[in-house]
Amino acid sequence: MLVELLTAAEAGFKDPSIEANLKQFCLVLLVSLGVATMSRAFSVLRNIPYTLLLLLVGLGLAVLDVRLINLSPELILFIFLPPLLFEAAWNLNWKRLSRNLVPILLFAILGVIICIAGLVWGLQGIAGTSLATALLVGASLSATDPVSVVALFRELGVDKKLTVLMEGESLFNDGVAVVAFNLLVGLALGIEQFDLSVSLARFLIFTGIGISVGGLIGFGISFLTQRFDLPLVEQSLTLVSAYGTYLVAEELGGSGVIAVVTTGLILGNFGSRIGMNPRTRLLVSEFWEFVAFFVNSIVFLLIGDQVKFAGLADNLNSIGIAIAIIILSRAISTFGLSALSNVLVNSDISWQGQTLLWWGGLRGSVSVALALSVPTSLADREEIIAIVFGVMLFTLLVQGLTTQPLLNRLGLLGDKVVLQDYQQMTAQRVALTRVMKRLVEIKESESLDPEFVGYQMALVEGQLDEVKEKMLRLEQQNEDVRNLTTEQLREELLAIESDTYAELIRAGRLKDELTPLLQSVLPDRIGENL
């Protein structure tokens, strides 16, 4: 039996199609990772987010009619999307998310409705497209994908609130857009009639199943990892949960996107605290950072490579109208819903932040996947794909590449240089403190000339005092530095408390996780206890 299995496996490896696919996959990896590396190796390219640089290279290959691989909706939705969603949710701080949950949900739900309604009105009324085309284009383009913008925010030190708003909206509206698309496909094909109550019920069922599956798997893995300390196993469990949650939710008729986001939020904010020690958390976070970089590198290259310029040229009028409607509807939803949120829950979203959220609403992989999944039986399928690709290219290339200048104009760039200097000083202080500790040990052991050791101690002590004085001056002059120090201290103390509970659980001295007492005691910002 074993010999037969080995023979079958050997025959499979000799299959020419497998060898060709493997070579093609390696070529995609070589190009994507090579371009991503170049974006950091050459200073002239550093101002361009690597995802957009990959898109430009993909467009160049499309001009030459070099098609690396056939980008199918299944490849995006089942292979690429789950890890990207999980990584974003894993790194999203629940406390910051909960503070901004009202505006995020307004953007993710009402924003999607406004976008679809605007595109249906514009494409059907102005461009003269069919209702089916307008509905499916609207559903496809309602999903935002601000990967490059969020990366730019983090690199330039933009206010974390804006980052949370943009990333939180993207995570949730991906699920809403997918559900909306599934509801509208039947209408576009003429096999269903619109019924508000039925559509609302189906939406609640989709999201309810997604949240339930994501919650069960997220909390299940969280409590499971309390019982052992095996970093590689725990890392593997997060990878399995990202794909497994998506597949289980989809199989049960729910939203796989919402399920993965729920699982990622739970594991990133709860499971990693009660079931993983600090070293394991760092290992898992670094692993997912690599996965996100790896997948994004492939996705953006392939998106550019799939563009068919002939289709764009044939639908240039519809694409132009769709771009105008997208910008207008995004402005209505962003400024209107931000004002509503400011009134309802005092969200305090400034007009500068609203402007950035409006311009940063890019479209990407989810929009492409939904457009490509339009049934081939629909006569206007190629037109839908062309319009979606055209709008996506505009948002990524025009809006994406002009985001940094807009940040400068709006005055939203954080004190990145000051914070970097402070963090470097912190590292110097830690290093010099350890050096001083070692010199004290040498002096006490009398293993070297006391005069020489004393001279070295005086030098190090002088450098240490100088660093401490500079740090104190920055803390007094800059509020962002003060907030950074209190936030780092707060997170460190909460991590120590949570790790202690997890250690006691693994030792069998506790059965259930305790709620951190310091959570409600420690201030988030220094101003709260002044």
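Here is a walk through this structure, from its overall make-up to a few side chains worth finding on screen.

Keep in mind that this is a predicted model. The protein has 22 helices and zero strands, so take helices as your landmarks, using the DSSP runs numbered from the N terminus. Of its 530 residues, 49% count as buried. Take the contacts with a separation of 6 or more: 81% of them join residues 24 or more positions apart. On the outside, the protein exposes about 25,900 Å², and carbon and sulfur atoms supply 64% of that area.

Let's start with a helix that is mostly covered. Helix α17 runs over residues 365-372, and eight of its eight residues are buried. They are Ser365, Val366, Ser367, Val368, Ala369, Leu370, Ala371 and Leu372. What do the buried residues of α17 pack against? The partners are α4 (73-90), α7 (131-141), α9 (160-189), α13 (278-305) and α18 (381-401). Two of those partners, α4 and α13, come up again in the next stop.

That stop is the aromatic side chains. The structure holds nine aromatic pairs. In one of them, the ring centres of phenylalanine 86 and tryptophan 288 sit 4.6 Å apart with the planes at 40°, so this pair is tilted. Planes under 30 degrees apart would count as stacked and over 60 as edge-to-face, which is why 40° lands in the tilted class. The two rings come from distant parts of the chain: phenylalanine 86 belongs to helix α4 and tryptophan 288 to helix α13, 202 residues apart. Phenylalanine 86 is buried, with a relative accessible area of 0%, and tryptophan 288 is buried at 0% as well. Ring pairs also tie Phe86, Trp90, Phe287 and Trp288 into a cluster.

Now look at what touches this cluster. Threonine 238 lies in helix α11 (residues 231-251) and, at 1% relative accessibility, counts as buried. Its side chain makes a polar contact of 3.0 Å with the side chain of tryptophan 288. Setting aside neighbours within four places in sequence, threonine 238 is in contact with Phe86, Trp90, Met276, Val284 and Trp288.

Stay on helix α13 and you'll find asparagine 296. Is asparagine 296 buried or exposed? With 7% relative accessibility, asparagine 296 counts as buried, because the cut-off for buried is under 20%. Asparagine 296 and threonine 51 are 245 residues apart in sequence, yet their C-alpha atoms are 6.8 Å apart in space. Beyond its neighbours within four places in sequence, asparagine 296 is in contact with Tyr50, Thr51, Leu54, Leu84 and Val147.

Next, the surface. Val63, Leu64, Val66 and Phe309 make a nonpolar surface patch of about 380 Å². Leucine 64, one of these, is found in the loop between α3 (50-63) and α4. Leucine 64 is exposed, with a relative accessible area of 63%.

Last come the charged pairs. Side chains of opposite charge can pair when their charged atoms come close. How many salt bridges does a search of the whole structure find? The search finds five, and three of them are easy to describe here. Arginine 381 forms a salt bridge with glutamate 382, with the closest N and O atoms 3.5 Å apart. The two ends differ in cover: arginine 381 counts as buried at 17% relative accessibility, whereas glutamate 382 is partly exposed at 49%.

Another salt bridge joins arginine 438 and glutamate 441, where the closest N and O atoms are 3.3 Å apart. These two residues are three residues apart in helix α20 (residues 416-445), so about one helical turn separates them. Glutamate 441 is partly exposed, with a relative accessible area of 37%.

In helix α21 (residues 450-477), glutamate 466 and lysine 470 are four residues apart, about one turn of the helix. Their side chains meet in a salt bridge at 3.6 Å, N to O. Glutamate 466 is partly exposed at 44% relative accessible area, and lysine 470 is partly exposed at 35%.

How values were computed. Residues are numbered from 1 along each chain as its sequence is written. This is a predicted model: local features need pLDDT of at least 70, side-chain atom pairs count only at pLDDT 80 or more; totals for chains, interfaces and linings use all residues. Side-chain values use heavy atoms; hydrogens and water are left out. Buried means under 20% relative accessible area, exposed over 50%, partly exposed in between (1.4 Å probe, protein chains only). Contact means heavy atoms within 4.5 Å. Rings of Phe, Tyr and Trp (its six-membered ring) pair if their centres lie within 6.5 Å; planes under 30 degrees apart count as stacked, over 60 as edge-to-face and the rest as tilted. Accessible areas come from the Shrake-Rupley method with a 1.4 Å probe; for residues, only the protein chains shown count as cover. Patches are made of residues with over 30% relative accessible area and no salt bridge: like charges are joined within 9 Å, nonpolar side chains (Val, Leu, Ile, Met, Phe, Trp, Tyr) within 5 Å. A salt bridge is a side-chain nitrogen of Lys or Arg within 4 Å of a carboxyl oxygen of Asp or Glu. A polar contact is a pair of N or O atoms within 3.5 Å; within protein, one must be able to donate a hydrogen and the other to accept it, and residues adjacent in sequence count only if both atoms are side-chain atoms.
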